[in-house]
Amino acid sequence: MPSPRTPVPTHDIVARLRAAGCVFAEDEAQLLIDAATDPANLDTMVQRRVEGLPLEQILGWAEFRGLRIAVEPGVFVPRRRTELLATQAITLAGQTDARPPVVIDLCCGSGAVGAAIIAALHHVDLHAADIDPAAVRCARRNIPTGHVHEGDLYQPLPATLLGRVDVLAVNAPYVPTDEVDLMPPEARLHEPQIALDGGTDGLDIQRRVAADATRWLRHGGHLLIETSRRQAPTTVEIFTSNGLNTQVVSSDELSATVVIGTRPGEPTS
């Protein structure tokens, strides 16, 4: 019976995965073997992967900053590049006063960013929100010590947070509508369109977020949005036009770009 403790020949599994186009076939084969409860279960999981289902949705988890983030079928899978967003949010939230920082994980998906922030800082007043009910279910599993809300952007957040937020971290969809069909099948066929499609130029949701950000941020608070290197100049313009002082942070290792906007003024205690 396959188990994490019992070596299982992987040649046939690797061959099936490689024929299906899996670039990291050896690694994926071992993960599936470790997760399988019996040979029939293993064969089912391998077949689902061959058919294009994201590996993380088959396993039921995705690795993110060393954490296992629960992921259900049909839920957006957290990308490694989003670790840059989480890292920047952790750094900025950790620079606040002794009080627990107030952090929002907006468009939270499975709650990976929020979970990473809590794991790193522990004492955080964290609120997460997403419009997708399946994503909210996952987020409530992944950040049980936070407050997870279901609704459109800021709409479900408690009004008591207005003007009090230290860090607003956002992984909004930023793929232009015409480019969604060019994405890998495991994304465009198995992840919700609402988590991918960012409108004509990919930045529609970013505009909505930035337009209301200063209502929620305290003076000196930060809005962080993941974007692409190509879109970053436009994201900067969006932030600036909404009264935020702006900088761009990039990581070649993660192929990631984050735009950070700061509400002018000193943080209040």
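## Reading a predicted chain, feature by feature

Mentor: Let's open with one residue: leaving out residues up to four places away in sequence, asparagine 245 touches Ile260, Gly261, Thr262 and Pro264. Keep in mind that we are looking at a predicted model.

Trainee: Happy to start there. Where does asparagine 245 lie, and is asparagine 245 buried, exposed or partly exposed?

Mentor: Asparagine 245 belongs to strand E8, which covers residues 245–251. Its relative accessibility is 47%, so asparagine 245 counts as partly exposed. You can also use it as one end of a ruler: aspartate 34 is 211 residues away along the chain, and the two C-alpha atoms are separated by 48 Å.

Trainee: Let me zoom out, then. How many helices and strands are there in the chain?

Mentor: The chain has 10 helices and nine strands. To read overall compactness, set the radius of gyration beside the value from the globule rule: here 20 Å is close to the 18 Å given for 269 residues, so the chain is as compact as a globular protein of that length. Along the principal axes, the C-alpha atoms fill a box of roughly 60 × 40 × 30 Å.

Trainee: What do the totals for burial and contacts look like?

Mentor: Of the 269 residues, 53% count as buried. For contacts, look at sequence separation: among those with a separation of 6 or more, 62% are between residues 24 or more positions apart. On the outside, the chain exposes about 12,500 Å², and carbon and sulfur atoms supply 52% of that area.

Trainee: And the charges: how many are positive and how many negative?

Mentor: There are 23 positive and 34 negative charges, and their mean positions are 4 Å apart.

Trainee: Which residues does the UniProt domain annotation cover?

Mentor: An unreviewed UniProt entry carries the annotation "domain: Methyltransferase small" for residues 99–176. In the model, that span is 26% helix and 27% strand, and its end C-alpha atoms lie 40 Å apart.

Trainee: Let's look at a helix. Why is H6 described as largely enclosed?

Mentor: Count its buried residues. H6 runs over residues 112–121, and seven of its 10 residues are buried, so the helix is largely enclosed by the rest of the structure. The buried ones are Ala112, Val113, Gly114, Ala115, Ala116, Ile117 and Ile118.

Trainee: How should I read phi in the loops around H6?

Mentor: The general idea is that most residues other than glycine have a negative phi. Two residues here have positive values instead. Cysteine 107 has a phi near 55 degrees and sits in the loop between strand E3 (102–106) and H6. Histidine 122 has a positive phi of about 70 degrees and lies in the loop between H6 and strand E4 (125–130).

Trainee: Which of them is buried, and which is exposed?

Mentor: Cysteine 107 has 17% relative accessibility, so it counts as buried; the cut-off for that is under 20%. Histidine 122, at 58%, counts as exposed.

Trainee: What covers the buried residues of H7?

Mentor: First, the residues themselves: in H7 (133–142), Ala134, Ala135, Val136, Cys138, Ala139 and Asn142 are buried. Their cover includes strand E2 (67–70), H6, E4 and strand E5 (147–150). Take alanine 139 as an example, with 0% relative accessibility. Beyond its neighbours within four places in sequence, alanine 139 is in contact with Cys108, Gly109, Ser110, Gly111 and Val148. From alanine 139 to isoleucine 225, 86 residues along the chain, the C-alpha separation is 19 Å.

Trainee: Which residues does alanine 93 touch?

Mentor: Alanine 93 is in helix H5 (residues 83–93) and is buried at 2% relative accessibility. Not counting residues up to four places away, alanine 93 touches Pro101, Val103, Leu121 and Val167. To compare sequence with space, take leucine 168: it is 75 residues from alanine 93 in sequence, with 9.6 Å between their C-alpha atoms.

Trainee: One last residue: where is glycine 220 found?

Mentor: Glycine 220 is found in strand E7, residues 217–227, and is buried with a relative accessible area of 14%. Its C-alpha atom is 9.8 Å from that of threonine 96, although the two are 124 residues apart along the chain.

Note on methods. Residues are numbered from 1 along each chain as its sequence is written. This is a predicted model: local features need pLDDT of at least 70, side-chain atom pairs count only at pLDDT 80 or more; totals for chains, interfaces and linings use all residues. Side-chain values use heavy atoms; hydrogens and water are left out. UniProt positions are given in the numbering used here, feature names are shortened, and annotations may be inferred rather than shown by experiment. Helices (H or I, at least four residues) and strands (E, at least two) are DSSP runs, numbered from the N terminus. The radius of gyration is taken over C-alpha atoms; the globule rule is 2.2 Å times the number of residues to the power 0.38. Buried means under 20% relative accessible area, exposed over 50%, partly exposed in between (1.4 Å probe, protein chains only). Contact means heavy atoms within 4.5 Å. Accessible areas come from the Shrake-Rupley method with a 1.4 Å probe; for residues, only the protein chains shown count as cover. Lys and Arg count as positive and Asp and Glu as negative; His and the chain ends are not counted. The place of a charge is taken as NZ of Lys, CZ of Arg, CG of Asp or CD of Glu.
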